[in-house]
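I opened this entry to keep a record of what I looked up in the structure, taking the salt bridges before the cores and the surface.

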Amino acid sequence: PVTGRPGKPIDVQDPYNMYFTPDGAYAIVVAEAYRRLDFYDPHTWELRHRLPTPGCEGIDHLDFSLDGRLLLASCEFAGRLVVVDVAARKVQDLSGGYRRRVQVGKVFMVETPVVFLDEFSTGMDPLLKRSVMDLLRAEAGRGRTIVLTTQILSEAEALCGDLLIVN
């Protein structure tokens, strides 16, 4: 407000968190208790639509793709993520490649002496795979033990000091 005084209160159901789409078209209220996202007109605060997020217990935080078409929502109690196509108003599940990216990303978020990775590069494009391998080599260089399961022998040779082949 121009005056700096509080404006009129806006009634929303279960306002756990609120985000604006990158293009400013919607204000999204995260209705965590109802497991849904409520899309409002950001100027009039009219409810435009509600998007249920079944299986996403504890939906809480969102982030958007660079082009603003997709949003990624964390499901705190379900221990998973969902992808929402904002334009189509449709909930998608993460593909296998994205699930692996999240799995590998979590390795760099915590400091543990041993890391276990299962088929980490499946579904990754070559550039991303090379970047992740460089990061894993750096972690190993800092003394972290990386236990890797893979069917790609060149990955194992490039990343591991010791190999164990199970037949």
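How many salt bridges does a search of the whole structure find? I ran the search on what is a predicted model, and the count came to nine.

**Entry 1, the salt bridges around aspartate 38.** I looked up the partners of aspartate 38 and found its side chain in a salt bridge with that of arginine 36, at 2.7 Å from N to O, and in another with the side chain of arginine 50, at 3.2 Å from N to O. The pair with arginine 50 links distant parts of the chain, since aspartate 38 lies in strand S3 and arginine 50 in strand S4 (residues 47-52), 12 residues apart. I therefore noted Arg36, Asp38 and Arg50 as a network of salt bridges.

Which of these residues are buried and which are partly exposed? Aspartate 38 is buried, with a relative accessible area of 0%, and arginine 36 is buried at 12%, whereas arginine 50 is partly exposed at 40%.

**Entry 2, aspartate 85 and arginine 69.** I then turned to the salt bridge between aspartate 85 and arginine 69, in which the closest N and O atoms are 3.1 Å apart. This pair, too, links distant parts of the chain, with aspartate 85 in strand S7 and arginine 69 in the loop between S5 and S6, 16 residues apart. Aspartate 85 counts as buried because its relative accessibility is 7%, under the 20% cut-off, while arginine 69, at 41%, counts as partly exposed.

**Entry 3, the hairpin.** Following that loop, I found that S5 and S6 form a hairpin with five residues between them, and that glycine 68 in the turn has a positive phi of about 80 degrees. The two strands pair in the antiparallel sense over four bridges, and the bridge partner of aspartate 63 in S6 is leucine 72.

**Entry 4, the cores.** The largest nonpolar core has 16 residues, and those with the most contacts inside it are Ile28, Leu37, Leu62 and Leu71. Strands S2, S3, S5, S6 and S7 each give two or more residues to this core. For leucine 62, I set aside the neighbours within four places in sequence and listed contacts with Tyr19, Ile28, Val30, Leu37, Leu71, Leu72 and Ala73. Apart from this core lies another, of 11 residues, among them Val107, Leu117, Phe120 and Leu159.

**Entry 5, the surface.** Last, I noted a nonpolar surface patch of about 260 Å², made by Val114, Phe116 and Val147. Valine 114 lies in strand S9 (residues 114-118) and is partly exposed, with a relative accessible area of 35%.

Terms used
Residues numbered from 1 in each chain as written. Predicted model: local features only at pLDDT ≥ 70, side-chain atom pairs only at ≥ 80, totals over all residues. Heavy atoms only, no water. Core = buried A, V, L, I, M, F, W, Y, C linked by side-chain atoms within 4.5 Å. Buried < 20%, exposed > 50% of the residue type's maximum accessible area, 1.4 Å probe, protein only. Contact = heavy atoms within 4.5 Å. Patch = residues over 30% accessible without salt bridge, like charges linked within 9 Å, V, L, I, M, F, W, Y side chains within 5 Å. Areas by Shrake-Rupley, 256 points an atom, 1.4 Å probe, with all protein chains shown as cover. Salt bridge = Lys/Arg side-chain N within 4 Å of Asp/Glu carboxyl O. Pairing = 2+ DSSP bridges.
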